[in-house]
Structures are given as structure tokens and as C-alpha cells.
Amino acid sequence: MSVVFPKGFTTASIAAGISAHAGKKDLALVVNNGPLDAAAGVFTSNRFCAAPVQWSRKAIADGHLRGVVINSGCANACTGQEGYAQAQAEAENFARLAGFPQASDVAVCSTGMIGDLLPLDNLLDGMNKAFPTLSDSAEAGKESSIAILTTDTHPKTVEIEADGYRIGGMVKGSGMIAPQLATMICIITTDAVVTPEQMHEALEHGAEYSFNRIDVDGCMSTNDTVILLASGASGVTPDPAEFSANIAKATASLARQIVGDGEGSSHDIRITVSGATSEEAALACARAVAASNLLKCAICGNDPNWGRVVSSLGTVPADVAPYDPNDVTVDVNGVRVCDGGKPGQPRSLVTMEGQREVGIDIDLNTGSDAEATVWTDDLTHEYVHINADYES
């Protein structure tokens with residue numbers, strides 16, 4: 001049921017003629033019917049942030065939203081003042097249709113090709129036609145989760161039944177994924193009674209330990225947006241810690257689904273660095289290894305080439321992550337291929353073929369126990385094909 005799993009939300013989708021793929025659904029609307037309209041969001045840190053991001057940051061600044069419009073097929077990024085005017089026009093049209101007092105009650109999200117303006121007439125006409133079909137049905141939720149996709153091969157959703165309240169969500173993301181929020185459009189909904197401040201704290205924490213720790217190809221998007229909406233329709237006020245934990249569970253599930261659908265990938269790679277002096281040190285090391293295209297290519301070929309692990313590990317400055325290379329161990333799928341900075345068990349003992357998940361465990365053995373995990377994908381011929389002939 002996606003974003004309509006919690007009470008108080010309706011959604012609709014339509015093929016508006018935005019996508020390059022004729023007939024593909026490419027526009028989705030989400031409405032928070034209340035009684036609350038609390039909201040929180042996190043966005044890309046890319047300095048070339050798209051017009052929809054600029055609009056939505058301002059709209060959500062007061063902690064309240066009543067609706068979100070999402071399109072695939074065009075990012076409306078790097079489009080100047082005209083692009084911003086388009087984002088505003090979307091919000092104004094949505095507010096008019098819904099009877100909202102102001103356009104700033106609406107967030108705008110776009111994903112697709114950078115550098116193109118939206119076919120605005122198509123989009124607005126699509127909104128007008130989709131609005132009367134708003135529904136809280138499971139089918140409506142499923143169709144909206146499909147409408148926001150670009151190179152994704154399948155929809156990605158989450159549903160959590162909590163203690164008297166619900167959380168639901170949908171995300172798109174397959175390529176252009178870097179560990180600085182990752183590349184996504186993500187809408188999470190809840191019918192809990194929560195404040196914007198609680199929501200912001202929970203969302204930032206959840207994103208930090210999920211979307212900020214995945215890396216498909218090391219490329220940061222201009223359009224990353226994660227929005228959390230609360231309707232309060234359950235009437236239940238959850239314990240703040242419990243609510244935060246459930247939001248973290250939702251973001252973790254959605255982030256893991258993004259990695260599982262990485263463009264053209266054949267393996268999901270979990271990189272866990274332990275025995276570090278701090279979590280920051282462990283995270284820096286894990287990200288350095290996850291960013292190695294050489295390692296990604298090796299994993300694509302089912303080659304547990306631990307040399308590509310330690311060479312990337314060695315690029316992390318000593319003042320960021322203190323450790324002695326002669327103490328480091330590396331296990332791949334449970335086989336210690338590197339022991340104390342030198343060869344361990346034979347690489348031939350590692351089984352990778354036919355397995356979607358590959359686990360790389362690095363122990364810095366500093367005497368401390370801080371650790372961090374980053375997920376990434378391998379790089380395949382299919383990834384090159386998809387991005388050499390990209391259409392959204």
C-alpha cells in the first residue's frame with residue numbers, strides 16, 4: 001500500500017507525457033488529509049540543486065505540508081529561474097485543485113534528465129486529470145510507487161505496523177547513488193501524532209544510517225529529496241525513541257532496496273569496518289573501499305581481490321583513521337583473505353558465484369571497537385550500457 005498504508009493519505013498517478021517512454025506513468029500526487037499536516041525533509045547537498053529542491057526546502061521550512069507532487073522523466077535541474085517558476089506553477093496548481101490556502105502547502109519533486117525544462121502543459125494537465133482519482137487503495141499506492149521510477153526495474157516500498165500507528169513509504173533510486181543522501185525521491189508517511197521537531201530529528205537520524213551509507217556509483221544527484229509527512233489520523237502519540245527507531249527501520253529498508261536494484265548490478269556488497277578508533281574513522285574507511293571502481297569490477301567478475309580493498313583503505317589519511325596496516329584483516333564471505341596486512345587464506349576458498357550478497361569485513365584492530373557499514377554494488381557491462389544511452 002506504500003504511502004497510503006497509514007490512515008489519512010490518498011494518492012493518484014497518471015501517464016502525463018513527461019517521460020521519454022510513451023505511455024509510462026510519470027506523475028504521482030500524495031495528499032495528507034490530516035487532521036495534522038506536520039512534515040520534515042532532507043535534501044541533496046549538491047550545489048547545483050534542482051528547482052524542485054529549492055522550492056520544497058522553502059515550503060517545508062515551517063514544518064508543515066499538505067501535499068507532494070512527484071514527476072519522473074525530467075529533473076528540472078539546472079534550468080534557472082524558468083525552472084523555478086515551473087516548480088512554483090506545479091505547487092500553485094496542486095493547491096488550487098486541493099483547496100489549500102497557499103502554494104507553500106505543497107512540495108515538488110522531480111527526477112530524470114538534468115538540463116531540460118518540464119513539458120509544463122502536459123504536467124499540469126496530468127495533475128488536473130489525476131486529482132479526481134485520488135484514493136487510499138492499495139492499488140493506488142502501488143501505481144504511484146511505479147510512476148516515480150526512472151531506470152529502476154521495480155517499485156520500492158515499505159510498510160510498518162507500529163504500536164497503534166503505521167508508517168508507509170516509497171522510494172525511487174537505482175543509479176547516481178552516492179553516500180551523501182544517495183540519489184532518490186522518497187516519500188514516507190505516518191498516521192502518528194508527532195511534532196515537526198520530532199519528525200525532523202527522526203528523519204535525519206534515519207537518513208544518516210541508511211541513505212547516507214549506500215553507494216552504487218559514487219555520483220551525487222541534484223534532486224535528492226526525502227520527505228516525511230504525518231497525518232495524526234491514528235490519534236496515537238508514540239514514544240519519541242520508538243518513533244525514531246521505526247522511521248530508521250523504514251529508511252533502512254528503502255535504502256537496502258535501492259542497493260538491491262543498482263543499475264545493472266549483479267552483486268550487493270556489504271562493507272563493514274570494525275576495530276576503529278571512532279565511528280567516523282570506520283565510516284571514512286568503509287566509504288573509501290565502497291568508492292573503488294576496481295573493487296566493484298572485481299566483484300562483478302566474482303574475484304575476491306583483497307588487494308583492491310586494502311589499497312583503497314590506505315587512501316584514508318592517518319589523522320582521519322589511525323591504524324597500523326600490519327594489524328588489518330580482511331574477510332570476504334567469511335574467508336580471511338588478508339591477515340595482518342599480508343596474504344591469508346587462498347582466495348579460491350571464497351564462494352561468490354550465484355550469490356547476490358557479498359560481505360567484506362575489515363578489522364583495523366586498533367584496540368577500539370567502533371564500526372560502520374556501507375552498502376554498494378558491483379559495476380557491470382549493463383551499467384555502462386544503461387548510462388551510455390540514458391533516457392528517463
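**Exercise 1. Locate Asn76 and describe its backbone and burial.**

Solution. Asn76 sits in the loop between β4 and α2. Helices (H or I, at least four residues) and strands (E, at least two) are DSSP runs, numbered from the N terminus. This is a predicted model: local features need pLDDT of at least 70, side-chain atom pairs count only at pLDDT 80 or more, and totals for chains, interfaces and linings use all residues. Residues are numbered from 1 along each chain as its sequence is written, and side-chain values use heavy atoms, with hydrogens and water left out.

Next, take the backbone. Phi of Asn76 is near 50 degrees, a positive value in a residue other than glycine. Then take the burial. Asn76 has a relative accessible area of 0%, so it is buried. Buried means under 20% relative accessible area, exposed over 50%, and partly exposed in between (1.4 Å probe, protein chains only).

**Exercise 2. Do the same for Asn365.**

Solution. Start with the place: Asn365 belongs to the loop between β15 and β16 (370–377). Its phi is near 50 degrees, again positive in a residue other than glycine. Now the accessibility: at 35% relative accessible area, Asn365 is partly exposed.

**Exercise 3. Find the loop that holds Pro35, and state the peptide bond that joins Gly34 and Pro35.**

Solution. Pro35 lies in the loop between β2 and β3 (38–43). The bond joining Gly34 and Pro35 is cis, with omega about 20 degrees.

**Exercise 4. Work out how α1 and α2 cross.**

Solution. Identify the helices: α1 spans residues 51–60 and α2 spans residues 80–98. Their axes come within 8 Å and cross at roughly 50 degrees. Axes are lines fitted to C-alpha atoms, for helices over the stretch in contact, and angles run from 0 to 180 degrees between N-to-C directions.

Classify the angle. Under 35 degrees counts as roughly parallel, over 145 as roughly antiparallel, 65 to 115 as roughly perpendicular, and the rest as oblique. α1 and α2 are therefore oblique to each other.

List the contact (heavy atoms within 4.5 Å). From α1 come Ala51, Pro52, Gln54, Trp55 and Lys58; from α2 come Gly83, Tyr84, Ala87, Gln88 and Ala91.

**Exercise 5. Which residues of α3 are buried, and how are they arranged?**

Solution. Helix α3 covers residues 120–130. Its buried residues are Leu120, Leu123, Leu124, Gly126, Met127 and Ala130. Seen down the axis, they fall within an arc of 155 degrees, so they line one face of the helix. The arc is that of the directions from the helix axis to the C-beta atoms.

Now turn to the other face. Away from the buried side, α3 carries the exposed residues Asp121 and Lys129. Last, find the cover: it includes β1 (9–14), β2 (27–32), β4 (67–72) and α2.

**Exercise 6. Repeat the analysis for α9.**

Solution. In α9 (residues 306–313), Trp306, Val309, Ser312 and Leu313 are buried. They cover an arc of only 130 degrees around the axis, which puts them on the same side of α9. Their packing partners are α7 (279–290), α8 (293–300), β12 (329–332), β13 (335–339), β14 (342–343) and β15 (357–363).

**Exercise 7. What does Ser145 touch?**

Solution. Ser145 lies in helix α4 (residues 138–147). It is buried, at 1% relative accessible area. Not counting residues up to four places away in sequence, Ser145 touches Ser2, Pro155, Thr157 and Met170.
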